[in-house]
Amino acid sequence: MRPYQALKPPREEAVNSTISLCYEVGTVEGDEELTPLGHHLAKLPVDVLVGNVCITYVFSPLYSKCNILKD
């Protein structure tokens with residue numbers, strides 16, 4: 001049996017970069033509290049920027065027009 005090996009924690013620069021991106025996209029505000037957008041994106045198994053595009057598309061007025069075109 002192999003002994004348990006913990007994962008290496010992320011570098012501090014990577015964590016700070018991710019937090020900055022979350023503020024830019026609007027998924028967190030204030031004291032790193034999730035916004036409604038942040039709650040929705042947290043449920044998606046995709047990158048923050050990809051998820052933001054998906055959610056923006058769904059709530060866009062163009063969504064219904066694009067769905068008509070694909071039928």
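What pattern does the chain follow, read along the sequence? The order is α-β-β-α-α-α. This is a predicted model. Four helices and two strands make up its secondary structure elements.

**Burial and contacts**
- The chain has 71 residues, and 14% of them are buried.
- Among contacts with a separation of 6 or more, 8% link residues 24 or more positions apart.

**Exposed area**
- About 6,300 Å² of the chain is exposed.
- Carbon and sulfur atoms supply 62% of that area.

**Negative patch**
- Glu29, Asp31, Glu32 and Glu33 gather on the surface as a patch of negative charge.
- Asp31 sits in the loop between strand S1 (28-29) and strand S2 (33-34).
- The relative accessible area of Asp31 is 68%. Asp31 therefore counts as exposed, because the cut-off for that class is over 50%.
- Patch membership requires over 30% relative accessible area, and Asp31, at 68%, therefore meets that part of the rule.

**Nonpolar patch**
- Leu44, Val46 and Val50 form a nonpolar patch on the surface.
- Together these three residues, Leu44, Val46 and Val50, have about 210 Å² of accessible area.
- Val50 belongs to helix H3, which covers residues 48-58.
- Val50 has 44% relative accessibility, so Val50 counts as partly exposed. The class lies between the buried limit of under 20% and the exposed limit of over 50%.
- The 44% value of Val50 also passes the patch cut-off of over 30%.

Note on methods:
Residues are numbered from 1 along each chain as its sequence is written. This is a predicted model: local features need pLDDT of at least 70, side-chain atom pairs count only at pLDDT 80 or more; totals for chains, interfaces and linings use all residues. Side-chain values use heavy atoms; hydrogens and water are left out. Buried means under 20% relative accessible area, exposed over 50%, partly exposed in between (1.4 Å probe, protein chains only). Contact means heavy atoms within 4.5 Å. Accessible areas come from the Shrake-Rupley method with a 1.4 Å probe; for residues, only the protein chains shown count as cover. Patches are made of residues with over 30% relative accessible area and no salt bridge: like charges are joined within 9 Å, nonpolar side chains (Val, Leu, Ile, Met, Phe, Trp, Tyr) within 5 Å. A salt bridge is a side-chain nitrogen of Lys or Arg within 4 Å of a carboxyl oxygen of Asp or Glu. Lys and Arg count as positive and Asp and Glu as negative; His and the chain ends are not counted. The place of a charge is taken as NZ of Lys, CZ of Arg, CG of Asp or CD of Glu.
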